[in-house]
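Student: I should like to learn how the features of a protein model are read. May we work through one together?

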Amino acid sequence: MNIQALMQQAQTMQKQVEVNVEKAKKDLATKEVHAEAGSGLVKVTMTGRHVVKRLSIDPSLLEDEPDMIEDLIAAAINDAVRQADELSEATMSNATSGMGLPPGMQGLFG
């Protein structure tokens with residue numbers, strides 16, 4: 001195989017990876033993760049692209065201390081971010097798998 005054919009094959013692979021990554025990013029924008037804190041007193045729904053779609057606070061919690069409410073909101077959001085990161089990593093890994101990229105190089109296209 002000559003160098004020109006090898007370069008052409010690499011460009012074709014690059015374009016396919018870019019198409020797959022763009023599709024994965026669009027998919028992540030529509031996929032949602034759900035997290036909660038305080039045994040469900042605070043619930044968060046977030047997209048795979050870290051956009052908070054919903055925040056629900058149980059009315060009984062509003063009678064408590066503001067510091068506790070803030071802590072539970074932060075805990076729920078942090079859990080949602082962790083889940084969204086895991087979803088993103090799995091989705092992007094799938095988008096670049098099978099492209100013959102060595103481990104560690106797949107993340108370059110995300």
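**Reading the chain**

Tutor: Of the 110 residues of the chain, 25% count as buried. Please keep in mind that this is a predicted model.

Student: What does the chain expose, and how much of it do carbon and sulfur atoms supply?

Tutor: The exposed area of the chain is about 7,400 Å², and 53% of it is supplied by carbon and sulfur atoms.

Student: In what order do the elements of the chain run from the N terminus on?

Tutor: The order is α-β-β-β-α, with 2 helices and 3 strands in the chain.

Student: How are contacts in the chain spread along the sequence?

Tutor: A contact requires heavy atoms within 4.5 Å. Taking contacts between residues at least 6 apart in sequence, 50% join residues at least 24 apart. A separate example of distant positions uses C-alpha atoms: Met13 and Thr96 are 83 residues apart along the chain, and their C-alpha atoms are separated by 9.9 Å. Met13 belongs to helix H1.

Student: Why does Met13 count as partly exposed?

Tutor: The general idea is a pair of cut-offs: buried means under 20% relative accessible area and exposed means over 50%, with partly exposed in between. Met13 counts as partly exposed because its relative accessibility is 30%.

Student: Is Thr45 buried or exposed?

Tutor: Thr45 has 8% relative accessibility, and therefore counts as buried. This residue is part of strand S2, which covers residues 42–47.

Student: With which residues is Thr45 in contact, leaving aside its neighbours within four places in sequence?

Tutor: Thr45 is then in contact with Glu32, Val33 and His34, and also with Val51, Val52, Lys53 and Arg54.

Student: Which residues form a nonpolar patch on the surface?

Tutor: For a nonpolar patch, one joins nonpolar side chains within 5 Å, from residues with over 30% relative accessible area. In this chain Ile3, Leu6 and Met7 form such a patch, and together they have about 310 Å² of accessible area. Ile3 lies in helix H1, residues 3–30. Its relative accessibility is 60%, so Ile3 counts as exposed.

Student: Which residues gather in a patch of negative charge?

Tutor: Here like charges are joined within 9 Å. The surface patch of negative charge gathers Glu63, Asp64, Glu65, Asp67, Glu70 and Asp71. One of these residues, Asp67, has its place in helix H2, residues 66–96.

Student: Why does Asp67 count as exposed?

Tutor: Asp67 counts as exposed because its relative accessibility is 54%, and the cut-off for exposed is over 50%.

How values were computed
Residues are numbered from 1 along each chain as its sequence is written. This is a predicted model: local features need pLDDT of at least 70, side-chain atom pairs count only at pLDDT 80 or more; totals for chains, interfaces and linings use all residues. Side-chain values use heavy atoms; hydrogens and water are left out. Accessible areas come from the Shrake-Rupley method with a 1.4 Å probe; for residues, only the protein chains shown count as cover. A salt bridge is a side-chain nitrogen of Lys or Arg within 4 Å of a carboxyl oxygen of Asp or Glu. Lys and Arg count as positive and Asp and Glu as negative; His and the chain ends are not counted. The place of a charge is taken as NZ of Lys, CZ of Arg, CG of Asp or CD of Glu. Helices (H or I, at least four residues) and strands (E, at least two) are DSSP runs, numbered from the N terminus. Buried means under 20% relative accessible area, exposed over 50%, partly exposed in between (1.4 Å probe, protein chains only).
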